Every structure is written in C-alpha cells, then in structure tokens.
Amino acid sequence: NPMINEKSDIANEEKAWIENYALENNRLKNKLKDRLAFQLYVTPAVNYRKLSTKSKGSTTPFASADINNVISQKPGFGIETGVGLTYTIARRLQLKTGVQFNYTNYNIAADQTNHPVTTTILLNDPNTGYSYSAARTTTTSNAFNTSALQPVTLHNRTYQISVPVGFAYKLSSEKNVDWFAGASAQPTYVFGGNAHIISSDLKSYVSDPSSISTWNLNLGFETYMNFKLGTYHLQVGPQVRYQVYSTYRKDLALIEKPYAVGLKFGLTKGF
C-alpha cells in the first residue's frame, strides 16, 4: 500500500531527525561541560595605601602638606576569598567571573586623649569646588614625631563584595604544570568598615564610617602556576589588587587609594 509506505518513510525521517538532534545537543552539552570549571580561592594580603588631597582655596596645613609624611601609618593584613567560574574560549585563553569577599585593613599610630576635643576636617563644596573646614569631635591625636602618652592603633577597615570579570592567558605549559597571567575588573560594593580622617590642622584623627564611599572599582592583576592533580587543579601565585577611586566620598578633600599585595591559592575542578 503506497500510503502506508509513505507514512512509514515520514516516521523514519522524523525518528532520524530526533536522534540527530539529541546527538548534536548532547555534543554541545559535553563541549560546554568540558570548557567550564568551578573555582574556590583565598588570598592572604598585605594592605597599603597612598594618600593625596584635592582642595581649592584652602590654606590649612592639611591642604598644603604631603599627608603621607606627617602621619604614622603601617600596612595591615587583609584577606580575599571567593568562588568563581572559568570558561575556556581558546587553547590558551580563559574567561573568569565570580563573587568574592574582601577585608581590608590599615593601621595608624595615634595617642588616646582622656576627653573629647573639638577639631575640624577639610571638605569640598560640591557646588563651588572650594574647600572649607567642618567641626568635629575626637578622642585621638596624631602621634607623628611625638611620644604618645596613651598609644593606640587605629584601624581603617572595609568589608567588600565584588564581582570580578576578567581573563587568564596561558603563557607556557610543561607536563602537569601551566603558567598563567591574568587581570580582572571588580565592581565593588562596600557594606561596612571604619575610617579615621586626619584633621585639618594635622593634629587629630576623626572617626567617621559614613565617609566611606559605598561603591567603588578595583583592578586585579595576577600570575600563577597551575598544577594538575588528577581531576583537580591547584593554582598558586602573587596577586596585586588596586582601588581605582578614593575610599572616601567626593566631598572629602582627603583621597585614599589602597592597594594590596597577596599570595593567591585556588582549587579548580571541571564539571
């Protein structure tokens, strides 16, 4: 019967198309699976900072001095930890993204006073751009080049969540060891911390957590060795993280640009 044979041919064609579609879809899934990897990482780091000022029309010592030379400051220890995804788009090139937490810390030597004193900090008027002094109270003084009667260490801290987006490029490969270099841009949300601002006359510190800007941008640069350990890969190497914008709000005349140098440890596994 010609009609029955025609229906049978159509059914066979549909079956062949479905099987071919399933095969190609499975190949696509396997290809995606082979190129994706999951990573956990942690980076102990030493935090540094560079201070500068942006003022207009001010004659206070704060505005004219090199802030870095008139305060006692020391690097502090911080930590970075996160989870990420890598996708291999070429033989030597990987795209990377994820979510990470950063704790930054910087130390300032100061002298504790027994009672609150009045001082000022230098601000910039957003409308005119001119600087002015704003009254504040404090219980700590600058201990630079003086003998502190009640020494205390002030901690400038931040707690951050970032979404790094970047790449890693394989520089060389030998047996079970690869050498990579990479970079990332890290939009950052700062959800907590503390800031101690030097006063206009350079004699005191004012604690002002509200001066910390909520949003920022960091850049990360790294190079690392990738050790293949069965189904896992271990990454070890130095990393530098640099903050693009000041830690403080735009109306503060004090500009802080932190950077961190650390040793990153990562563990990667394919899907």
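A cavity is a set of grid points where a 1.4 Å probe fits but cannot get out, and its lining residues have an atom within 4 Å of a point. The exercises below use this term for a predicted model.

**Exercise 1. State how many cavities the whole structure holds, and describe the lining of the largest cavity.**

Solution.
1. With a lower limit of 30 Å³, the search of the whole structure finds three cavities.
2. The largest cavity contains about 300 Å³ of space.
3. Its lining is made up of 30 residues. Those nearest the centre of the largest cavity are Asn47, Thr104, Asn105, Thr158 and Pro258.
4. Next, assign the lining to secondary structure. The elements that contribute two or more residues are β1 (36-53), β2, β3 (93-124), β5 (151-162), β11 and β12.

**Exercise 2. Summarise the secondary structure and the overall figures of the chain.**

Solution.
1. Count the elements: there are two helices and twelve strands.
2. Put them in sequence order, which gives α-β-α-β-β-β-β-β-β-β-β-β-β-β.
3. For burial, the chain has 271 residues, and 37% of them are buried.
4. For contacts, take those between residues at least 6 apart in sequence; 73% of these join residues at least 24 apart.
5. For surface, about 15,400 Å² is exposed, with 60% of this area supplied by carbon and sulfur atoms.

**Exercise 3. Determine which strands pair with β9, and in which sense.**

Solution.
1. Start with β4 (residues 131-142). This strand pairs with β9 (residues 204-207) in the antiparallel sense, over two bridges.
2. Locate a bridge in this pairing: Ser141 has Ser204 in β9 as its bridge partner.
3. Turn to β8 (residues 196-198). The pairing of β8 with β9 is also antiparallel and runs over three bridges. Here Ile197 is found opposite Val206 of β9.
4. Examine the connection: β8 and β9 make a hairpin, with five residues between the two strands. In the turn, Leu202 has a positive phi of about 70°.

**Exercise 4. Find what the salt bridge between Arg241 and Glu80 ties together, and whether its two residues are buried or exposed.**

Solution.
1. The structure has six salt bridges in total. In one of them, the side chains of Arg241 and Glu80 meet at 3.9 Å, N to O. The cut-off is 4 Å, so this pair counts.
2. Arg241 belongs to strand β11 (residues 232-243) and Glu80 to strand β2 (residues 73-88); the bridge therefore ties together parts 161 residues apart in sequence.
3. Both Arg241 and Glu80 are buried.

**Exercise 5. Treat the salt bridges of Lys264 and Arg249 in the manner of Exercise 4.**

Solution.
1. Lys264 pairs with Glu222, and their closest N and O atoms are 3.1 Å apart.
2. This bridge links distant parts of the chain, since Lys264 lies in strand β12 (residues 254-270) and Glu222 in strand β10 (residues 215-229), 42 residues apart.
3. Lys264 and Glu222 are both buried. Together with Lys96, they are linked in a network of salt bridges.
4. Arg249 pairs with Asp251, with the closest N and O atoms 3.0 Å apart.
5. To classify this last pair, note that buried means under 20% relative accessible area and exposed means over 50%. Arg249 has 27% relative accessibility, so it counts as partly exposed. Asp251, at 23%, is likewise partly exposed.

How values were computed: Residues are numbered from 1 along each chain as its sequence is written. This is a predicted model: local features need pLDDT of at least 70, side-chain atom pairs count only at pLDDT 80 or more; totals for chains, interfaces and linings use all residues. Side-chain values use heavy atoms; hydrogens and water are left out. Two strands pair if DSSP finds at least two bridges between them. Helices (H or I, at least four residues) and strands (E, at least two) are DSSP runs, numbered from the N terminus. Buried means under 20% relative accessible area, exposed over 50%, partly exposed in between (1.4 Å probe, protein chains only). Contact means heavy atoms within 4.5 Å. Accessible areas come from the Shrake-Rupley method with a 1.4 Å probe; for residues, only the protein chains shown count as cover. On a 1 Å grid over the protein atoms alone, a cavity is a set of points where a 1.4 Å probe fits but cannot get out, and a pocket is an open set with protein on both sides within 12 Å along at least five of seven lines; lining residues have an atom within 4 Å of a point. Grid points are joined across faces, edges and corners, and a volume is the space filled by probe spheres set on the points.
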